Every structure is written in structure tokens, then in C-alpha cells.
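Here are some comments on the model you sent, set out as numbered points so that you can follow them with the coordinates open.

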Amino acid sequence: MLIRNATTEDLHAISSVEARCFPPEEAASEEAFAQRLNYYGNHFWLIFDDERLIAFADGFVTDEADLTDRMYERADMHDENGRWQMIFGLNTIPEYRNHGYAGELIRRIIEDAKAQGRCGVVLTCKDKLVGYYAKFGFVNEGHTDKSCHGGVIWNQMRLTF
């Protein structure tokens, strides 16, 4: 399946997938995605099954080493020349889970970040996903005090090149 970057025409499909993958208190709004697409659509990775969006990941680039809550709402913090590729969300609609699509997205993000000369990739995840991301080389830096997005305790994980 093809992985491509997003355009503003993908806004509704991205918002719909996000709503299916995250509880309302954690999901980004359509307005937030509109801003993100405006600032860094080239840092959205989308997978389709024919015309249907089935999975995507997004996150901006920054010189800040740690992922913080304000990054989710401040798309204008994106710095195309930044050292770190952040991942704000990795989404696969339920009926397509456990088929390797999320892994394809992660590998592509890593590949792109390396090709762009980044220092690495940073994400946050819940405890149950630490082992999953570790399979790709991410190291758990523990529970972060810089993000409590959605009222959840998050682990910050980093892959350094």
C-alpha cells in the first residue's frame, strides 16, 4: 500500500480516523488538524486502502528535545530545520489493526527523518505500548512531566540516530 504525505484535501478523512482511534479528551480537533496541515502537511504520513484512509501518523519538527503539551496545539512551533521529528499520533482504524500498517508508518518516519538529517524521533505513549515502540529502537525515558495530554500519564520514547 502506498504511503504519501497529506494535503488539505485529506483534512476530513484524517479527522475521522483520529476520532475512531482516540477518546475525545485525547483526540485532536479538525481545527487543530487544519492548522497542522497548513504548517507541516509534509510531516503527515498516510496509508490508504484504495480511496479509504486506514492509517496515518503526524508530528512536527523542532529543536526542542522533549515533546510537550503545547506542541499539540501550536502548529506554528514547527521548524523545518529542527533536529527532532516528533510523533503526535499514530492511528490505524480498528478493522485494519494487527496487519503491520502502524509499523510501516513508523519505519517510513524513521527513514524520512534520517534522510532529512534529523537527530532522531520522539514520541509519547501509554505504558502498554512501550514494548511495541521498543521493537523499532525507541528507548523509554520514563513517565514525562511535560505532557499530561488528555489527563493521561505518558512515557516519552526516543530513537536517536
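1. Asn 98 sits in the loop that runs between strand S6 (89-92) and H4. Please bear in mind, here and in every point below, that this is a predicted model. The phi of Asn 98 is near 65 degrees, which is a positive value in a residue other than glycine. For background, most residues other than glycine have a negative phi. Asn 98 has a relative accessible area of 80%, and because the cut-off for exposed is over 50%, it counts as exposed.

2. A second residue to look at is Asp 50, which is found in the loop between strand S2 (44-49) and strand S3 (52-58). Asp 50 is not a glycine, and yet its phi is positive, at about 55 degrees. With a relative accessible area of 70%, Asp 50 is likewise exposed, because that value is over 50%.

3. Arg 74 belongs to the loop between helix H3 (69-73) and strand S5 (84-87). Its relative accessible area is 38%, so Arg 74 is classed as partly exposed, a term for values between the 20% and 50% cut-offs. Arg 74 and Gln 35 are 39 residues apart in sequence, while their C-alpha atoms are 8.4 Å apart in space.

4. Turning to the interior, the largest nonpolar core has 51 residues, and those with the most contacts inside it are Ile 14, Phe 44 and Phe 138. Helix H4 (residues 101-115) supplies the largest share of this core, namely seven residues. As a general matter, nonpolar side chains in soluble globular proteins tend to be buried together.

5. Which residues does Ile 14 touch, once its neighbours within four places in sequence are left aside? The contacts of Ile 14 are then with Ala 6, Phe 33, Leu 37, Phe 44, Leu 46, Leu 53 and Phe 56.

6. Ile 14 also takes part in a helix pair, since it is one of the H1 residues in contact with H2. Helix H1 (residues 11-21) and helix H2 (residues 30-40) pack at an angle of about 130 degrees, and their axes are 10 Å apart. That angle makes H1 oblique to H2, and H1 passes H2 in a right-handed crossing. On the H1 side the contact is made by Leu 11, His 12, Ile 14, Ser 15 and Glu 18, and on the H2 side by Glu 30, Phe 33, Ala 34 and Leu 37. By type, the residues of this contact of H1 with H2 divide into five nonpolar, two polar and two charged.

How values were computed. Residues numbered from 1 in each chain as written. Heavy atoms only, no water. Core = buried A, V, L, I, M, F, W, Y, C linked by side-chain atoms within 4.5 Å. Buried < 20%, exposed > 50% of the residue type's maximum accessible area, 1.4 Å probe, protein only. Helix = DSSP H or I, 4+ residues; strand = E, 2+ residues; numbered from the N terminus. Contact = heavy atoms within 4.5 Å. Axes fitted to C-alpha atoms, helices over the stretch in contact; angles between N-to-C directions. Parallel < 35°, antiparallel > 145°, perpendicular 65-115°, else oblique. Left-handed = near helix turned anticlockwise from the far one by under 90°. Nonpolar A, V, L, I, M, F, W, Y, C, P; charged D, E, K, R; others polar.
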